[in-house]
Amino acid sequence: MMTTRLNPITTPRFEPRAEKARRNREAALNAFIGKKAEIDEMLARLQALSDDHFNAHPDEVNWGHVGTLEHYASLLKRITDSAFGEGEHAR
């Protein structure tokens, strides 16, 4: 039985670091763009819901609606505090 040996000089075993770093940056950029698109879609949906007064008719608004909006506002505040380094995320 004959064993085939790879020539370490002519057989690439590892991709060069620069190529690996480039591919890693490209993958990160693609992931970033994907997440940004996901956030943009959520923001657009929230804006449309807000434009429609969160599906609440003025004659039917009650404290439950207020509580729901208070909850939404508190969740969004956590996001904006984090994004802008405010509140508990102040730098």
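# Helices, loop and salt bridges: a short Q&A

Reader: Let's start with one residue: does Asn55 count as buried or exposed?
Author: Happy to. The relative accessibility of Asn55 is 57%. Buried means under 20% relative accessible area, exposed means over 50%, and partly exposed is in between (1.4 Å probe, protein chains only). At 57%, therefore, Asn55 counts as exposed.

Reader: Before we go on, from which number are the residues numbered?
Author: Please keep in mind that this is a predicted model, where local features need pLDDT of at least 70, side-chain atom pairs count only at pLDDT 80 or more, and totals for chains, interfaces and linings use all residues. Side-chain values use heavy atoms, with hydrogens and water left out, and along each chain, as its sequence is written, the numbering of residues starts from 1.

Reader: Thanks! Asn55 lies between which two helices?
Author: Helices here are DSSP runs (H or I, at least four residues), numbered from the N terminus. One of them covers 17–51 and the other 63–84. Asn55 sits in the loop that joins these two, α1 and α2.

Reader: How far apart are the C-alpha atoms of Asn55 and His65?
Author: Asn55 is not a glycine, yet its phi is positive, about 60°. Along the chain, Asn55 and His65 are ten residues apart. Their C-alpha atoms are separated by 9.8 Å.

Reader: Which residue, whose phi is positive, follows α1?
Author: The residue is found in the loop between α1 and α2. Its relative accessibility is 57%, so it counts as exposed. Its phi is near 55°, a positive value in a residue other than glycine. The residue that follows α1 is His53.

Reader: What span does α1 reach from its first C-alpha to its last?
Author: α1 has 35 residues. The expected span of a helix is 1.5 Å times one less than its number of residues, and for α1 that is 51 Å. The model comes close to this, because from first to last C-alpha α1 reaches 50 Å.

Reader: Which helix gives the largest share of the nonpolar patch?
Author: The patch is made of Ile39, Met42, Leu43, Leu46, Leu76 and Ile79, with about 540 Å² of accessible area together (Shrake-Rupley method, 1.4 Å probe, only the protein chains shown counting as cover for residues). α1 and α2 are the elements that give two or more residues to the patch. Patch residues have over 30% relative accessible area and no salt bridge, with nonpolar side chains (Val, Leu, Ile, Met, Phe, Trp, Tyr) joined within 5 Å and like charges within 9 Å. The largest share, four residues, comes from α1.

Reader: Met42 is in α1, but how exposed is Met42 by relative accessible area?
Author: Met42 belongs to the nonpolar patch on the surface. Met42 counts as partly exposed because its relative accessible area is 45%.

Reader: How many salt bridges does the structure hold?
Author: A salt bridge is a side-chain nitrogen of Lys or Arg within 4 Å of a carboxyl oxygen of Asp or Glu. Glu19, Arg22 and Glu26 are linked in a network of them, and Glu38 pairs with Lys35 at 3.1 Å, N to O. In total, the number of salt bridges in the structure is five.

Reader: What is the distance between the closest N and O atoms of Asp40 and Lys36?
Author: Both residues lie in helix α1, four residues apart, about one turn of the helix. An α-helix has 3.6 residues a turn, so residues three or four places apart point the same way. Asp40 is partly exposed at 38%, and Lys36 is partly exposed at 43%. The closest N and O atoms of Asp40 and Lys36 are separated by 2.5 Å.

Reader: With which residue does the side chain of Asp81 meet in a salt bridge?
Author: Asp81 is in helix α2 and counts as buried because its relative accessibility is 8%. Residues up to four places away in sequence aside, Asp81 touches Glu86, Gly87, Glu88 and His89 (contact means heavy atoms within 4.5 Å). The salt-bridge partner lies four residues from Asp81 in α2, about one turn of the helix. Across 3.0 Å, N to O, the side chain of Asp81 meets that of Lys77.
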